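Q: Could you take a close look at the aromatic rings here, and at whatever sits against their faces?

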Amino acid sequence: MNDWPEGRHGDNRGDRYGRGSANAQPESARVMRQVRRGQAAPPGPGGYGPGPSAQQYGGGVPPQPSYVNGGDDGAYGYDSGYNTGQVYGSPGGGGHGGGPGDYDHGPRPAPNWRRRIKWTAITVVTVLVVTTVGTYFWADSKLNREVDLSKVIDRPEQGDGTNYLIVGSDSRAGMSAEEKKKLHTGSAEGKRTDSMMILHTGSNGDTLISLPRDSDVEIPTFVGSESGKTYKGTGRHVKLNAAYAEDGPELLVRTVEFNTGLRIDHYVEIGFAGFANIVDAVGGVEIDIPKGGMKDTKSGADFPAGKQTLNGEQSLAFVRTRYALKGSDLDRTKNQQKFLNALANQVATPGTILNPFKLYPTMGAGLDSLVVDKDMGLYDLGKMFWAMKGVNGGDGTSMNMPISGSANGNLVWDKAKVKQLVEELKNDEKVTVSGE
């Protein structure tokens with residue numbers, strides 16, 4: 001019994017394999033390009049032409065496809081084209097664009113520069129913000145807020161503007177014996193003040209006033225910073241730096257306020273080692289040594305006349321020298337102001353600010369060695385630095401505390417001039433008083 005539908009007899013299956021119709025000839029729409037290698041297989045019953053009879057294949061066994069040389073048996077009349085070097089495209093393996101059905105990307109679109117610039121700007125701004133915020137918190141964590149001005153009693157009224165007491169101490173904390181010898185600091189116990197300055201910042205110009213360490217001052221009633229005990233004033237007069245040696249920063253602030261009538265808002269102190277480290281971090285500071293040079297065995301200063309770059313060790317010797325100077329302590333305060341001007345200008349150069357390999361070591365050296373009051377913030381510190389730079393650069397007033405004479409080796413302040421100076425500072429007026 002024949003189970004095949006009419007026109008699809010089993011004896012015709014081999015002839016019609018893959019043709020899609022009962023017609024003995026292939027449909028033209030289904031003819032596929034053939035690519036062969038080597039000698040083509042002989043046509044057979046399933047091919048497009050006459051071939052050997054079924055008997056030569058062993059009693060009616062249908063022909064099997066041949067894969068020799070990458071070709072298919074001719075009985076099926078189709079070659080896949082593999083192993084011919086052809087890649088889905090034009091003859092000869094030309095790739096895309098060789099024939100119908102191949103796709104073409106077309107011309108590459110022009111880059112969207114506006115979009116690229118926008119995202120580049122966003123990325124740069126984000127990096128800058130993250131870096132700035134990170135630097136702020138890093139720097140803020142390095143401040144040594146050790147001075148408690150709330151312990152200072154009987155304080156003057158708050159005036160206009162801001163007053164900083166800036167102190168250079170001879171602290172040797174953390175220094176080895178070799179470092180003390182190298183920096184000519186000696187090995188005295190405790191610490192004293194080598195330099196003291198009041199910096200006033202306000203809307204009518206900034207003013208930097210040096211307070212000679214040998215200034216004659218009265219020690220007032222005060223509360224001990226450690227003991228909390230009240231020490232009554234007896235009218236005792238001492239050199240200004242003795243107040244610091246007696247009970248530290250709090251008593252120094254109390255003494256300055258009592259003898260001037262000017263309220264101190266912030267306190268900043270730096271020691272020997274910290275000062276030298278800052279100078280080394282910026283690569284040295286250029287100073288013009290006056291005619292005759294400078295030589296002082298006690299401070300270690302030994303400089304010929306003329307412009308020269310001082311390293312940290314040499315800079316410390318320069319600002320500490322007084323015995324080789326005609327005006328002693330008064331001339332030394334002038335040299336200190338001169339040096340601070342040069343240092344501030346060196347730190348503020350693009351070569352330092354825009355170079356992270358210089359900026360961060362400089363900031364680290366400075367912040368590690370600074371001692372400030374508990375209310376001091378980075379903004380206050382930055383404001384102080386730029387004011388000092390401006391004053392020493394000629395944008396403000398730089399002076400010594402007015403002196404009227406000396407008594408018992410101490411420098412006596414001119415009381416009338418000091419009173420006028422303090423009133424002008426309290427009212428944030430332009431300073432008209434002059435000092436040595």
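A: Here's a walk through the ring pairs, followed by the charges over rings. Quick caveats: this is a predicted model, where local features need pLDDT of at least 70, side-chain atom pairs count only at pLDDT 80 or more, and totals for chains, interfaces and linings use all residues. Numbering runs from 1 along each chain as its sequence is written, and side-chain values use heavy atoms, with hydrogens and water left out.

Searching the whole structure turns up four aromatic pairs. To pair, rings of Phe, Tyr and Trp (its six-membered ring) need centres within 6.5 Å; planes under 30 degrees apart are stacked, over 60 edge-to-face, and the rest tilted. F275 and F339 have ring centres 5.4 Å apart and planes at 45°, so they're tilted. F275 belongs to helix α4 (residues 272-281) and F339 to helix α6 (residues 329-347), so this contact ties together parts 64 residues apart in sequence. Helices here are DSSP runs (H or I, at least four residues), numbered from the N terminus.

F275 is buried at 11% relative accessible area, and F339 is buried at 0%; buried means under 20%, with a 1.4 Å probe and protein chains only.

F339 also pairs with F318: the centres are 6.2 Å apart and the planes at 40°, so that pair is tilted. F318 sits in helix α5 (residues 312-320), 21 residues from F339, and F318 is buried, as is F339. Ring pairs thus join F275, F318 and F339 into a cluster.

As for charges, one sits over a ring if NZ of Lys or CZ of Arg is within 6 Å of the ring centre and within 35 degrees of the ring normal. R116 lies over the face of W113, 5.1 Å from the ring centre, and K298 lies over the face of Y323, at 4.4 Å.

Terms used:
Helices (H or I, at least four residues) and strands (E, at least two) are DSSP runs, numbered from the N terminus. Buried means under 20% relative accessible area, exposed over 50%, partly exposed in between (1.4 Å probe, protein chains only).
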